Amino acid sequence: MAITTKKVLRMTFTNAAGKTVTMTLDQPKEGITSAEIETVMDQIISKDIFFTSGGGLVSKKDIKIVDTKTEDMYEQPEG
C-alpha cells in the first residue's frame, strides 16, 4: 500500500463572459506568498495571453494551495 502526496497552486479567474476559469500548477514554490501569486495573476490578465470560450481573463477570483494525501488501498496481485 502506497501513500502519495501532491501539492498544487490553484488560481481562479473570471473571464469576459463572467464564467470561472481555473489554472492549476503542480508543485508551487515553498513559502510563496499570496502577494507574489496576485502579481503573476495581474500579469496574466494584463498581457491577455490566455483566451477562453468566454473571452479573455478579466479579474482574479481566488487563490488556493491544495495539498492532498492519497492512500492506495488495493494492490493488484502479480501473475
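In which element of the protein chain is confidence lowest, and in which is it highest? In this predicted model, the minimum falls in β3, with a mean of 92. The maximum falls in β2, at 98. The average pLDDT over the protein chain is 95. A score of at least 70 is reached by 100% of the residues.

The strands come next. Four of them make an open sheet, ordered β2-β1-β4-β3, with antiparallel pairing. Its edges are β2 (20–26) and β3 (51–52), each of which pairs on one side only. Helix α1 (residues 34–47) packs on this sheet. Contacts of α1 reach β1, β2 and β4. The direction of α1 makes about 140 degrees with that of β4.

Strand β4 (residues 55–71) is joined to β1 by 13 bridges, and the two run antiparallel. Two residue pairs illustrate this register. Methionine 11 stands opposite isoleucine 63 in β4. Threonine 12 has aspartate 62 of β4 as its bridge partner. On its connection to β3, β4 has two bridges, again in an antiparallel arrangement. Here threonine 52 is opposite glycine 55 in β4. β3 and β4 form a hairpin, with two residues between them.

Threonine 12 lies in strand β1 (residues 3–15). Its relative accessible area is 9%; threonine 12 is therefore buried, the cut-off being under 20%. Beyond four places in sequence, threonine 12 touches Thr20, Val21, Thr22, Met41, Lys60, Lys61 and Asp62. Asp62 in this list is also the bridge partner in β4.

The largest nonpolar core has 10 residues. Its members are Leu9, Met11, Phe13, Val21, Met23, Ile37, Met41, Ile44, Ile45 and Leu57. Two or more residues of this core come from each of β1, β2 and α1. α1 gives the largest share, four residues. In soluble globular proteins, nonpolar side chains tend to be buried together.

Phenylalanine 13 is one of the core residues. Neighbours within four places in sequence aside, phenylalanine 13 is in contact with other members of that core, including Val21, Met23, Met41, Ile44, Ile45 and Leu57. Its contacts also include Lys19, Thr20, Ser59, Lys60 and Lys61. Met41 is touched by threonine 12 as well.

How values were computed: Residues numbered from 1 in each chain as written. Predicted model: local features only at pLDDT ≥ 70, side-chain atom pairs only at ≥ 80, totals over all residues. Heavy atoms only, no water. Buried < 20%, exposed > 50% of the residue type's maximum accessible area, 1.4 Å probe, protein only. Contact = heavy atoms within 4.5 Å. Pairing = 2+ DSSP bridges. Axes fitted to C-alpha atoms, helices over the stretch in contact; angles between N-to-C directions. Core = buried A, V, L, I, M, F, W, Y, C linked by side-chain atoms within 4.5 Å. pLDDT = per-residue confidence, 0-100.
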